[in-house]
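Here is a set of questions and answers on one protein chain. Look over the sequence and the structure before reading on.

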Amino acid sequence: WVPYSSHRLLVQVPSFGPLFAGVVKMSLSFQIKLLAENSDLAGAREAFLEAFHNEYKDLDAIKDLNLSRSLLTDSSSSGTSKSGDNDGNNCGTSKTLDVNDNFIMIDRFLQGAFDDEEERFKNSSKSTTDDKTNTNIEYFVQVEAIQNDAVIDVVGYASYNYQPSKNHYYIHQLGIKPSYQKRGIGKRLVFALLEGGELKSEISASTGTVDKSKKPSLTSSSSSSSSSSSSISVLTRRINTGAVEFYELLGFRERVSIDTVSLLNSDNNDDTGDNEKANENGQDLNLDLTQYIQLDWKSSSS
């Protein structure tokens, strides 16, 4: 675990009675935990759901997110598999949703999206390939709030697909609980794999299940000893203006044409890797890409 040693919040608590004159200062810090095999993802799921429910709270599940009304009747699909988020056949004539149905549809869609994250996590842990140069590597992390040396909450989650041959990584998912936003946590997650980033340091020092030979060589400056420039990509919905603005403030710029090969088929640790599998994950090649935006970041050496 690598603490956010430079990122502390002091909370002032009013004193009660003469024995507690003044204020009591309690420090709250944050640390990134690299999720290894057999890690419990319950806290990560909660952070993911809370983060994305907050992002989508003002959106209509059908009109804005293009989800299928079948989510209301098929709870087992959870929204990303059978119903998908690109099922436009049932959306055009759908009536306006009430608040409760809208929440249910979005929640089942998000639950299914994290189910896919868990499946990718399990498949990544089982990967035994010896080709570490050309095989993409999956990393999964959660952010923990620490107080008095104890974990009091899981406040964020992120997953990445690192491509060693291109010195590039794709951010699959990234979310921070709304009550912990505006503290620099999201920025640290975005750049976690770069030289000096929390995840890079943890991978380098790892003696557990994470293979040190798989650590990324990404750097953030032209002083890199790497033979290729480093870059990061993320795919997000255009309607999610908060996310677009967040990445643009960090120096990401829109790519004119979406790299469907890199973004939609980035997980080649899974031998199935076909369109049917991609469709189950809600990231198929029939996705209406006009609703999405790809944002890229490149190091200064690019």
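**Aromatic rings and buried residues**

At 7% relative accessibility, Tyr56 counts as buried. The model shown is predicted.

Q: Is Phe52 buried or exposed?
A: A residue counts as buried under 20% relative accessible area. The relative accessibility of Phe52 is 8%. Phe52 is therefore buried.

Q: What kind of aromatic pair do Phe48 and Tyr157 form?
A: A pair of aromatic rings is described by the distance of the centres and the angle of the planes. The centres of Phe48 and Tyr157 are 6.4 Å apart, and their planes are at 85 degrees. Planes over 60 degrees apart count as edge-to-face. The pair of Phe48 and Tyr157 is thus edge-to-face.

Q: How many residues apart in sequence are the parts that the pair of Phe48 and Tyr157 ties together?
A: Phe48 belongs to helix α1, residues 42–56. Tyr157 belongs to strand β4, residues 150–163. Because the two rings sit in these two elements, their pair ties together parts whose separation in sequence is 109 residues.

Q: What is the relative accessible area of Tyr157?
A: Phe48, its partner in the edge-to-face pair, is buried at 2% relative accessibility. Tyr157 is buried as well, and its relative accessible area is 0%.

Q: What kind of aromatic pair do Phe52 and Tyr56 form?
A: These two residues are 4 residues apart in helix α1, which puts about one helical turn between them. Their ring centres are 6.1 Å apart, with 55 degrees between the planes. Stacked needs under 30 degrees and edge-to-face over 60. The pair of Phe52 and Tyr56 is tilted.

Q: Which residues do ring pairs link into a cluster with Phe114?
A: Phe48 pairs with Tyr157, and Phe52 pairs with Tyr56. Ring pairs join these residues and Phe114 into a cluster. The residues asked for are Phe48, Phe52, Tyr56 and Tyr157.

Q: Where is Met105 found?
A: Met105 has 0% relative accessibility and counts as buried. Its contacts beyond four places in sequence include Ala61, Leu72 and Leu97. Met105 is found in residues 99–126, which form helix α2.

Q: How many residues apart in sequence are Met105 and Ser68?
A: Ser68 is one of the residues in contact with Met105. From C-alpha to C-alpha, the two are 8.2 Å apart in space. In sequence, Met105 and Ser68 are apart by 37 residues.

Q: What share of the residues of the chain count as buried?
A: The chain has 7 helices and 8 strands. Of its 302 residues, the share that count as buried is 48%.

Note on methods
Residues are numbered from 1 along each chain as its sequence is written. This is a predicted model: local features need pLDDT of at least 70, side-chain atom pairs count only at pLDDT 80 or more; totals for chains, interfaces and linings use all residues. Side-chain values use heavy atoms; hydrogens and water are left out. Rings of Phe, Tyr and Trp (its six-membered ring) pair if their centres lie within 6.5 Å; planes under 30 degrees apart count as stacked, over 60 as edge-to-face and the rest as tilted. Buried means under 20% relative accessible area, exposed over 50%, partly exposed in between (1.4 Å probe, protein chains only). Contact means heavy atoms within 4.5 Å.
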